[in-house]
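User: I would like to go through the ligand site and the pocket, term by term. Please set each value against its definition.
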Amino acid sequence: MRRPIIAGNWKMNKTVDEAVSIAVGLKRKFYTFSEADVVICPPFTALSKVHEQIVDSSIMLGAQDMYWEESGAFTGEISPGMLKDVGCRYVIAGHSERRNIFGETDEDVNKKLKIILKHGMIPIMCIGEQLEERDNGMTFEILEKQLTRDLKGFAKEQAARVIIAYEPIWAIGTGRTATPQQAQESHRYIRDFVERLYDRETSVKIRIQYGGSVKPDNIAQLMAQEDVDGALVGGASLDVNSFTEIVENAVK
Ligand code: PGA
């Protein structure tokens, strides 16, 4: 009932030419594809050229971040309008690398989500616990805190449009995936908490992706879990074949 969504987060990788060549490869595979939403998030420098390649295909464009102001003296930043202008339909907000390396707070994420929605784009909001927090039994507490703060002030119609990406930080880029059961447990918790924040209808609608060392050989088991609606893929999205296999195995 919830449409699967597989997104590739390319992070700080690929020149424009390299990005275009991946886009061309993926377009061959997913020119028309109706079984899932397929999103790629190249670096800012490649967005425009990648968009030219995929514009007539079923693949959609996303950005990895942006600033919450519309325009002005914010050296180095990119506005939501600029992203929309180059064809972005999705924007990742609050990735753990933004939070941990660049000091992004839940208040920042909240402002970003608001303006992404205002511009008619879809936010992919990342939440997840550190290893130490998991080991101390704090996973659910962390998820609750992030959900409450990141979604603060949102009406249920707005919240239902947000894609939540559950990314346990200890599983990102480490080769250590959460087991399907661990993923399901957190996803269920997130969905139940969304029901507490809003209502059942919203919690049933909201899509929750898993992220953290997703690969062609573990995606099917993850997707088999009731509350896993897709994946946010880092490393394995940088190669046409592995990302293709992930998308194909996700909907098998
Ligand atoms: P990974 O990254 O697939 O390389 O673990 C996931 C992410 O950070 O979104």
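Analyst: Start with the pocket. On a 1 Å grid over the protein atoms alone, a pocket is an open set of points where a 1.4 Å probe fits, with protein on both sides within 12 Å along at least five of seven lines; lining residues have an atom within 4 Å of a point. Grid points are joined across faces, edges and corners, and a volume is the space filled by probe spheres set on the points. By that count, the largest pocket has a volume of about 470 Å³.
This is a predicted model: local features need pLDDT of at least 70, side-chain atom pairs count only at pLDDT 80 or more, and totals for chains, interfaces and linings use all residues. Numbering runs from 1 along each chain as its sequence is written, and side-chain values use heavy atoms, without hydrogens and water.

User: Which residues line the largest pocket nearest its centre?

Analyst: Lys11, Met12, Gln64, Arg98 and Phe102, out of 17 lining residues.

User: What makes the ligand contact of His95 a polar contact?

Analyst: The cut-off is a pair of N or O atoms within 3.5 Å. A ligand oxygen lies 2.7 Å from an N or O atom in the His95 side chain, so the pair qualifies. The side chain of Glu167 also has an N or O atom 2.7 Å from a ligand oxygen. For Ser213, a polar backbone atom is 2.7 Å from an oxygen of the ligand.

User: How do you know which residues surround the ligand?

Analyst: A residue counts if one of its heavy atoms lies within 4 Å. The shell has 13 residues, with Lys11, His95, Glu167, Gly173 and Ser213 the closest.

Notes
Polar contact = N/O pair within 3.5 Å; in protein donor to acceptor, adjacent residues only side chain to side chain.
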